[in-house]
Amino acid sequence: MHSIEVVLAMLLAVVGSGYLVRVVPFSLPLPLIQIALGAVIAGVFGHGVVLDPEIFFLLFLPPLLFLDGWRIPKVGLFRDKAVILELAFGLVVFTVIGAGFLIHWLIPAMPLPVAFALAAILSPTDPVAVSSIAARAPIPKRLMHILEGESLLNDASGLVCFRFAVAAAMTGSFSLASASVTFLWVAFGGLAIGVGVTWGISLAQRWLSRQFGEESGSPILVSLLIPFGAYLAAEHLQASGILAAVAAGITMSYVELSGRALATTRVQRAAVWDMLQFSLNGIMFVLLGEQLPGILRGAVATVEETGHLNPWWLAVYALVIMLVLALLRFAWVWVSLRWNLFRAYRRGESLAKPDVRLLLATSLAGVRGAITLAGVLTLPLMLPDGSPFPARDLAIFLAAAVILVSLVVASIGLPRLLRGLELPDEPAERREEDFARREAAAAAIAAVEKARHGLCGDSAIEADLYTNAAVRVMANYQHRLEDGNVGGVDAARLRQADQAEVALRLAGLQAEREAIFRLARRGQISDEISRRLVRQIDLIESRYR
């Protein structure tokens with residue numbers, strides 16, 4: 001019962017953090033408030049939750065990685081694949097080697113494999129934190145696509161390196177040749193399993209729904225189970241469950257493009273996943289705050305083993321590691337840019353040099369977040385001989401400190417770097433959107449016309465009825481087609497007209513909703529009918545938001 005109370009208190013803290021971040025008079029990153037609330041919970045309940053690292057890894061990472069893969073912009077991912085791969089794989093290895101040796105040199109009490117594990121888990125970045133911090137600044141879309149693609153892939157590469165480093169710490173040995181062969185199966189096997197599980201489940205679900213129908217909540221529950229199924233299947237076959245979860249998410253995005261899911265299912269599923277993402281991210285930081293007092297005591301004890309009796313050395317270690325990570329990232333980004341410019345010059349292409357502030361922003365945007373926290377908390381509690389895992393509490397504390405420092409530095413520095421920055425327009429993206437709208441409108445008109453012929457009965461009254469209905473439905477699509485061919489019309493005026501129409505439609509929908517609620521309060525209609533009608537209005541309104 002006590003554990004249930006602690007879990008409920010943690011969920012309440014996640015909810016409260018969303019309000020507190022808006023109440024405080026100055027800007028604070030949300031994870032800072034969640035960690036503080038977790039520390040309050042630890043003080044109230046007196047002792048923390050005992051974590052099983054493997055269970056923690058299973059509960060938190062598969063759904064978060066799956067959602068990253070599902071929602072990553074695929075066009076940006078493939079367009080900038082060279083830059084993303086350089087950051088997601090080359091920078092990770094560069095960070096693991098460079099930061100790993102430095103951490104071991106800085107803290108001799110931390111064995112080299114543990115230092116490599118800490119460097120590996122610090123290598124993944126968190127674009128969600130960057131986008132929330134940079135909401136007040138005009139961060140370029142292409143930069144955000146690069147950061148999101150980097151984060152998706154460096155989550156996987158960083159966590160795979162982390163697993164190898166932890167295995168070396170547990171066994172005391174490491175073979176590069178053996179690790180290379182193992183890595184091939186771990187990586188490609190994990191990717192194949194993730195793709196196979198998602199496609200297999202999707203085809204089976206589609207067949208079952210066609211044969212027997214399905215409950216409205218079934219597709220949502222299936223989407224929640226897929227990442228766990230892919231992760232467990234890959235781990236059972238000694239492949240990477242992390243990469244399987246990522247591949248499952250990317251595959252799910254292509255399955256969704258089939259358009260077979262109902263509109264209501266998509267709306268409900270998006271709401272469920274948004275809630276799950278917010279909850280899991282929040283619980284991890286609250287959990288860190290709840291464990292922080294014990295972690296701090298263990299970290300101080302480890303520091304004392306190095307001969308530094310002053311606990312302020314913990315802050316020195318964290319700041320030095322953060323500075324080294326920033327310098328390594330800046331060096332890699334700068335060298336990568338120079339290399340790409342040189343390759344373009346050799347091909348006879350001319351690429352404009354980006355603003356130096358954009359280069360600094362790319363380096364500063366390497367914010368650590370939920371994946372780093374989830375990974376470091378899975379460090380084993382014991383070695384195979386039963387002795388405590390060396391410097392575990394210190395590694396967790398340093399990872400948490402780097403997360404907090406990177407959040408604070410980015411929240412202060414990114415808006416200032418990006419303020420007033422001249423950003424290039426993206427006309428290609430706008431043309432692509434206009435083309436898609438026109439093609440969709442043409443397809444809709446053809447489908448409405450075909451449906452009209454199929455529905456018209458023999459009587460002239462029925463034919464006239466369906467013809468009039470079809471004309472009204474096709475008028476909106478026809479207007480969209482004509483908009484793309486109008487010449488000499490000011491685009492700004494068209495956008496203003498669209499905004500005015502949307503405002504009027506939203507006002508009408510709000511009036512409809514209020515009228516239905518009023519009828520339900522008076523008992524003139526049942527609650528069931530009011531919910532159904534309001535649900536329909538909400539779905540219509542979601543198109544205009």
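**Exercise 1.** In which helix does V195 lie? Classify its exposure and place it in its surface patch.

*Solution.* The model is predicted: local features need pLDDT of at least 70, side-chain atom pairs count only at pLDDT 80 or more, and totals for chains, interfaces and linings use all residues. Residues are numbered from 1 along each chain as its sequence is written, and side-chain values use heavy atoms, with hydrogens and water left out.

Step 1. V195 lies in helix α9; helices are DSSP runs of H or I with at least four residues, numbered from the N terminus.

Step 2. The relative accessibility of V195 is 33%, so this residue is partly exposed (buried means under 20%, exposed over 50%, partly exposed in between; 1.4 Å probe, protein chains only).

Step 3. V195 joins F78, W199, L203 and Y254 in a nonpolar surface patch of about 460 Å². Patch residues have over 30% relative accessible area and no salt bridge, and nonpolar side chains are joined within 5 Å. A salt bridge is a side-chain nitrogen of Lys or Arg within 4 Å of a carboxyl oxygen of Asp or Glu.

Step 4. Helix α9 (residues 176-212) gives the most to this patch, with three residues.

**Exercise 2.** Describe the surroundings of R513.

*Solution.*

Step 1. R513 belongs to helix α19 (residues 491-521).

Step 2. With a relative accessible area of 9%, R513 is buried.

Step 3. Its side chain makes a polar contact with the side chain of Q510 at 2.8 Å (a pair of N or O atoms within 3.5 Å, one able to donate a hydrogen and the other to accept it).

Step 4. Leaving aside residues up to four places away in sequence, R513 touches V534, I537, D538 and E541 (heavy atoms within 4.5 Å).

Notes
Helices (H or I, at least four residues) and strands (E, at least two) are DSSP runs, numbered from the N terminus. Patches are made of residues with over 30% relative accessible area and no salt bridge: like charges are joined within 9 Å, nonpolar side chains (Val, Leu, Ile, Met, Phe, Trp, Tyr) within 5 Å. Accessible areas come from the Shrake-Rupley method with a 1.4 Å probe; for residues, only the protein chains shown count as cover.
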